[in-house]
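Colleague: I'm new to this one, and I'd like a close look at the part around the ligand. Could you start there and then work outwards?

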Amino acid sequence: MDRESFRKVGYSIIDWISDYMDNVAEYPVLSQVEPGTIRDRLPGTPPEGTEDMETILNDFKQLILPGMTHWQHPAFFAYFPANSSEPSLLAEFLTAAMGAQCMIWQTSPAATELEEVVMDWLRQMLGLPEEYSGVIQDTASTSTLCALLCAREKATHYAVNKQGFPLSPPKRLTVYTSEEAHSSVEKGVKIAGFGKENLRLIPAGDDFAMIPAELERAIEEDQRKDNLPCCVVAAVGTTSSTAMDPLRPIGEICMHRGIWLHVDAAMAGTAAILPEMRHILDGVEYADSFVFNPHKWMFTNFDCSAYFCKDTAALTSTFEILPEYLKTDADRRVKNFRDWGIPLGRRFRALKLWFVIRHYGISGLQKKVRDHIRLAKEFESWIMTDSRFELMTPRNINLVCFRYNPSERQFTEDELEQINKQIMDDLNRSGKMFLTHTKLKERFCLRMCIGQTNTTREHVEKAWERIKATALQAGKL
Ligand code: PLP
């Protein structure tokens, strides 16, 4: 592509993106296509010759866009957000333009050193302990896998890295997490070779948070069987209901037994930038590692997962490789982040974090997060004061779990599931808003998570009107 064409198309794409951001609320939030629709519209073989950019862009609009779910839509209330912002997007342009592969210091010193700096900024913003060093991973799943691998290696004196499983004499390495923990813990346990049978799902209480006494009991039982308790993964903000595992008592249990404590605060961690929410991290100083995702609720587009750990030697001893072709003169004086995670190649993710934090400033970020929490609180109050709806668990931050369950009618659990699923499907099919569901103590409920960058009170209010109208229809069936 010649430079002049690049400039012309580039400007037109910027214009399109600006319009998209202005008009994203006009698109159906959830893509309305049926499975296979997009694939069937695309040629099965690659083009032999060149195609012009105008045609490609046109096809993007005609063929691809209808198959996109619009995560930046202000009525996106599903899952947890993956929000973005203008500064993040602009930094991504620059990152893509430079196309740097930032595996070691030498391959872009600024990428490594900026990452060190912004990760320490994040540490300060969340009030994490000074001993923590940070590194950016792609996702929380990867961060948790890193923690599990480090815990495994530290507990076995790096034996698995050397000799593989099984350990001699045979011992079962065990991992503990709450029954409400995210599925990435189980996935990590499988990948790291612990085996699913050695993952203990600790019961949660009525608040859906891990019960420390149950954790202690499970660990003691394993010790009696001569198993080797290796890692506890505590959740700050579970996916179903943002339940908060109590870090302090869990941390004390881990400290006394020398067990690695990893904290998964994938979405909720962002709330700790607010002084009034710092309590969610009470006891975090016990944690050996900690993850939260700026790509969820900190206006930094996917992917960007902030992983912190205390014992960086455990991290680098677990992941270090040093082939001749990667040796440099600077190695003894710098951080080579290839040894701080799984892949060798690394994107320059620190740049977008730097842009975002500087653009908003701490106070700007706090305002946005505080607004989301305030809106969720208001939505919760609407649910609580409407006798047709039921709050399924008290709100902790920006997620409200609820269901339609009119007090004047007697529905069975099966009927309630059917009706609420119908409400969710109808709402999502409308394209006007998008929310998802979960089950809490086997009871089907709707999740309304407020964390999209541009969501305002008006969007939440409209969503509430739609929920009520849709519920009324579904309730008549
Ligand atoms: N942990 C929790 C609590 C989550 O809610 C999620 C995703 O929503 C994850 C981990 C996984 O995040 P990622 O997609 O970054 O791997």
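Modeller: Sure, let's start with what sort of residues make up the shell around the ligand: 3 nonpolar, 8 polar and 2 charged. In that split, Ala, Val, Leu, Ile, Met, Phe, Trp, Tyr, Cys and Pro are nonpolar, Asp, Glu, Lys and Arg are charged, and the others, Gly among them, are polar. Keep in mind that this is a predicted model, where local features need pLDDT of at least 70, side-chain atom pairs count only at pLDDT 80 or more, and totals for chains, interfaces and linings use all residues. Residues are numbered from 1 along each chain as its sequence is written, and side-chain values use heavy atoms, with hydrogens and water left out.

There are 13 residues around the ligand, and Ala140, Ser141, Thr239, Asp264 and Asn293 come nearest. A residue gets into that group if one of its heavy atoms lies within 4 Å of the ligand.

Now for the polar contacts, meaning pairs of N or O atoms within 3.5 Å (inside the protein, one must be able to donate a hydrogen and the other to accept it, and residues adjacent in sequence count only through side-chain atoms on both sides). Serine 141 puts a polar side-chain atom 2.5 Å from an oxygen atom of the ligand. For lysine 296, a side-chain N or O atom is 3.2 Å from a ligand oxygen, and for histidine 295 that distance is 3.4 Å. The ligand on its own exposes 400 Å², and the protein buries 86% of that; such areas come from the Shrake-Rupley method with a 1.4 Å probe, and for residues only the protein chains shown count as cover. Which elements give two or more residues to this shell? They are helix H6 (140-155) and helix H11 (294-297). Helices (H or I, at least four residues) and strands (E, at least two) are DSSP runs, numbered from the N terminus.

Let's step out to the strands. Strand E6 covers residues 289-292 and has both faces covered: Ser289 and Val291 on one side, Phe290 and Phe292 on the other, all of them buried. Buried means under 20% relative accessible area, exposed means over 50%, and partly exposed is in between, using a 1.4 Å probe and protein chains only.

E6 has a parallel neighbour, strand E5 (residues 260-264), joined to it by 3 bridges, with valine 263 standing opposite phenylalanine 290. Strand E7 (residues 305-309) runs antiparallel to E6 and pairs with it over 4 bridges; there, valine 291 faces tyrosine 307. Two strands pair if DSSP finds at least two bridges between them.

The loop between H11 and E7 holds aspartate 303, and there's an oddity here: a cis peptide bond, with omega about 5°, joins phenylalanine 302 to aspartate 303. Most residues other than glycine have a negative phi, and most peptide bonds are trans. Asp303 also belongs to a network of salt bridges with Glu92, Arg347, Arg349 and Lys352. A salt bridge here is a side-chain nitrogen of Lys or Arg within 4 Å of a carboxyl oxygen of Asp or Glu.

Searching the whole structure turns up 38 salt bridges. One of them joins glutamate 115 and arginine 346, at 2.8 Å from N to O. Glutamate 115 is in helix H5 (residues 109-126) and arginine 346 is in the loop between helix H12 (312-319) and helix H13 (350-385), so this pair ties together parts that are 231 residues apart in sequence. Are the partners buried or exposed? Glutamate 115 is buried at 2% relative accessible area, and arginine 346 is buried at 8%.

For another setting, look at helix H13, where aspartate 371 and arginine 374 sit 3 residues apart, about one turn of the helix. Their closest N and O atoms are 3.2 Å apart in a salt bridge. Aspartate 371 is partly exposed at 22%, and arginine 374 is partly exposed at 44%.

Finally, two residues stand out for their backbone. Tyrosine 79, in the loop between helix H3 (53-64) and helix H4 (86-98), has a positive phi of about 40° without being a glycine. Glutamate 442, in the loop between E10 and strand E11 (443-449), also isn't a glycine and has a positive phi of about 70°; at 67% relative accessibility, glutamate 442 is exposed.
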